[in-house]
Amino acid sequence: MYYDGILVETPFDALLDIDTAGRACFLRRGAIQEAIESGKIQKGTEARMCGTQWIVDVNAMIREFGPVPMGPEIWRSRRTRTGSGAPA
């Protein structure tokens with residue numbers, strides 16, 4: 001997130017919905033859901049339902065499925081830019 005044109009780290013930077021996480025890791029959505037249901041990715045701490053959508057921690061994805069082939073840019077590109085002077 002940007003604040004007054006400066007990139008600010010937030011606790012939400014490492015969270016992705018499972019569709020985005022699947023695209024980043026070249027996995028199908030079901031593979032991530034199976035990892036959650038089997039306990040390989042822990043419900044409540046590493047993955048959580050937000051309405052009808054699963055949100056998963058990137059570090060848990062890396063631990064379970066290996067390095068993200070697309071790199072960290074996949075989640076950095078989703079940050080919201082706000083505040084005066086934020087880059088376009």
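## Cysteines

Let's start with Cys 50, which counts as exposed at 53% relative accessibility. Cys 25 sits on the other side of that divide: with 12% relative accessibility, this residue is buried. As for bonds between cysteines, searching the whole structure turns up 0 disulfides. Keep in mind that this is a predicted model.

## Around α1 and α2

Right between α1 (18-25) and α2 (29-38) there is a loop, and Phe 26 is found in it. Most residues other than glycine have a negative phi. Phe 26, though, has a positive phi, near 55°. Phe 26 is also exposed, at 62% relative accessible area.

The two helices are linked by a salt bridge as well. Asp 19 pairs with Arg 29, and their closest N and O atoms are 2.8 Å apart. Since Asp 19 belongs to α1 and Arg 29 to α2, the pair ties together parts that are 10 residues apart in sequence. Both partners are partly exposed: Asp 19 has 31% relative accessibility, and Arg 29 has 29%.

## The inside of the fold

Which residues of α2 are buried? They are Gly 30, Ala 31, Ile 32, Ala 35 and Ile 36. The buried residues of this helix pack against α1, β4 (47-50), β5 (53-57) and α3 (58-65). Just after α2 comes Gly 39, with a positive phi of about 90°.

In soluble globular proteins, nonpolar side chains tend to be buried together. Here, the largest nonpolar core has 14 residues, and the ones touching the most other members are Ile 36, Ile 41, Val 56 and Met 61. Two or more residues come from each of α1, α2, β5 and α3.

Ile 41 is worth a look of its own. Setting aside neighbours within four places in sequence, its contacts include Ala 35, Ile 36, Val 56, Met 61 and Phe 65. Charged residues are on the contact list too, among them Glu 46, Arg 63 and Glu 64.

## More salt bridges

How many salt bridges are there? The count comes to 4. One of them joins Glu 37 to Lys 43, with 3.3 Å between the closest N and O atoms. Glu 37 is exposed, at 53% relative accessible area.

Another brings together the side chains of Arg 63 and Glu 46, at 2.5 Å from N to O. This pair links distant parts of the chain: Arg 63 is in helix α3 and Glu 46 in the loop between α2 and β4, 17 residues apart. Glu 46 is buried, with a relative accessible area of 17%, whereas Arg 63 is partly exposed at 47%.

Definitions and conventions
Residues are numbered from 1 along each chain as its sequence is written. This is a predicted model: local features need pLDDT of at least 70, side-chain atom pairs count only at pLDDT 80 or more; totals for chains, interfaces and linings use all residues. Side-chain values use heavy atoms; hydrogens and water are left out. Helices (H or I, at least four residues) and strands (E, at least two) are DSSP runs, numbered from the N terminus. Buried means under 20% relative accessible area, exposed over 50%, partly exposed in between (1.4 Å probe, protein chains only). A disulfide is a pair of cysteine sulfur atoms within 2.5 Å. Contact means heavy atoms within 4.5 Å. A nonpolar core is a set of buried Ala, Val, Leu, Ile, Met, Phe, Trp, Tyr and Cys residues joined through side-chain atoms within 4.5 Å.
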